[in-house]
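User: I am new to this structure and would like a close look at one part of it. Please describe how that part packs, and then how the rest of the chain is laid out around it.

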Amino acid sequence: MSWFIQTCTSSLGKKYIMAITGLMLGGFLLVHAAGNSSIFWGRSAFLSYAEHLHSLGPLIPVAEIILLSIFLLHVITGITLFLQNLQARADRYAVSKPAGGRTWGSRTMPYTGAAILLFILMHLFNVHFIEHNLPIADTVNAVLSRPFYTHLYAAGMTVLALHISHGFWSLFQTMGINHPRYNTLIRIGGYLFTGLIIAIFLFIIFLLLFSPGYLM
Ligand code: HEM
């Protein structure tokens, strides 16, 4: 067991934890975007998607606890790596250089990560930690038809795009998939994955802003 703890607390182990938990969170985002895209088919399609989810009953709190644990592991490991890098820089001794060199995406990872944390808290207080006395379509409509939230959600999507496009690249580097022949492919794959998710969320945000009665 001690070898396991030692591996997980080593610099490389932490990078693996970031890669694996990041991949799982990316999977959640893809499923969440796909589920929310039912909005494009109108109110009843979105409500029947939500009803289908709620019919899973006790599986929902279990899934929520798993998601929260993955998220916390990602955040806590990320903060630990960030502090470790700060310390290394102070000692003028580079413990871990980001894979693929320093890019704008890699440099801003801790800050975009912190902004996403704030975004998620706001989002949960908008749609989750509320009295569920209205159909979820009305709640989403009420939030996203207000320009104030449109701006905050659109800003959230911008930082999310930066974070996951670099995260996608970083995942492959950590896994040792790094060859000049595949690097362009990995970059393009990252942009496509990010573009798909962000485009779905942005379409929903602007659809509800410009057609405030759409989900009524
Ligand atoms: C247009 C954009 C989005 C819409 C319309 C939307 C909508 C929703 C809805 C309806 C719920 C379920 C609330 C409930 O029944 O309890 C939810 C939960 C959630 N959303 Fe979003 N969401 C959006 C974007 C995002 C983004 C970008 C993220 C992450 C960065 C995110 C993370 C979450 C999380 C973590 C939950 C809680 C999941 C759970 O209850 O298990 N959402 N969202």
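The part to be described is helix α2 (residues 11–36).

Analyst: Two remarks on the model come before the helix. This is a predicted model, in which local features need pLDDT of at least 70 and side-chain atom pairs count only at pLDDT 80 or more, while totals for chains, interfaces and linings use all residues. Residues are numbered from 1 along each chain as its sequence is written.

The protein chain has nine helices and zero strands; helices (H or I, at least four residues) and strands (E, at least two) are DSSP runs, numbered from the N terminus. In sequence order the pattern is α-α-α-α-α-α-α-α-α. The C-alpha trace of the protein chain spans about 60 × 40 × 35 Å along its principal axes.

Two packed helices are described by the angle between their axes and the distance between the axes. The axes are lines fitted to C-alpha atoms, for helices over the stretch in contact, and the angles run from 0 to 180 degrees between N-to-C directions.

Helix α2 packs against helix α4 (residues 59–90) at an angle of about 140°, with the two axes 9 Å apart. The pair α2 and α4 is therefore oblique; angles under 35 degrees count as roughly parallel, over 145 as roughly antiparallel, 65 to 115 as roughly perpendicular, and the rest as oblique. The crossing of α2 past α4 is left-handed, a term used if the near helix is turned anticlockwise from the far one by less than a right angle, with right-handed used if clockwise.

On the α2 side the contact is made by Lys14, Ile17, Met18, Thr21, Gly22, Met24, Leu25 and Phe28. On the α4 side the residues are Leu67, Ile70, Phe71, Leu73, His74, Thr77, Gly78, Thr80 and Leu81. Two residues are in contact if their C-beta atoms, placed from the backbone, lie within 7 Å. By class, this contact of α2 with α4 has ten nonpolar, six polar and one charged residues. Ala, Val, Leu, Ile, Met, Phe, Trp, Tyr, Cys and Pro count as nonpolar, Asp, Glu, Lys and Arg as charged, and the others, Gly among them, as polar.

Helix α2 also meets helix α9 (180–210). Here the axes come within 9 Å and cross at roughly 35°, and the crossing is left-handed. The residues from α2 are Leu29, Leu30, Ala33 and Asn36, and they meet Ile197, Ile200, Phe201 and Ile204 in α9. This contact of α2 with α9 divides into seven nonpolar, one polar and no charged residues.

Both partners of α2 also take part in the shell around the ligand. The helices α2, α4, α6 (109–127), α7 (136–144) and α9 each supply at least two residues of that shell. With four residues, α6 gives the most. Of the 16 residues around the ligand, Glu64, Val127, His128, Phe201 and Ile204 come nearest; a residue is near a molecule or strand if its C-beta atom, placed from the backbone, lies within 6 Å of it. Phe201 and Ile204 are also among the α9 residues that meet α2. The shell has eleven nonpolar, four polar and one charged residues.

Another packed pair is α6 with helix α8 (residues 147–174), whose axes come within 9 Å and cross at roughly 140°. That makes α6 oblique to α8, and their crossing is left-handed. Met109, Thr112, Gly113, Ala115, Ile116, Phe119 and Met122 of α6 are in contact with Leu152, Gly156, Val159, Leu160, Leu162, His163 and His166 of α8. These residues divide into nine nonpolar, five polar and no charged.

Single positions in the partner helices can be placed as well. Leucine 68 lies in α4 and is exposed, with 10 other C-beta atoms within 10 Å. A residue is buried if 20 or more other C-beta atoms lie within 10 Å of its own, exposed if 12 or fewer, and partly exposed in between, with C-beta atoms placed from the backbone. Isoleucine 198, in α9, counts as partly exposed because it has 19 C-beta neighbours inside 10 Å. Not counting residues up to four places away in sequence, isoleucine 198 touches Met157, Leu160 and Ala161.

For the protein chain as a whole, 20% of the 216 residues count as buried. Among contacts between residues at least 6 apart in sequence, 77% join residues at least 24 apart.
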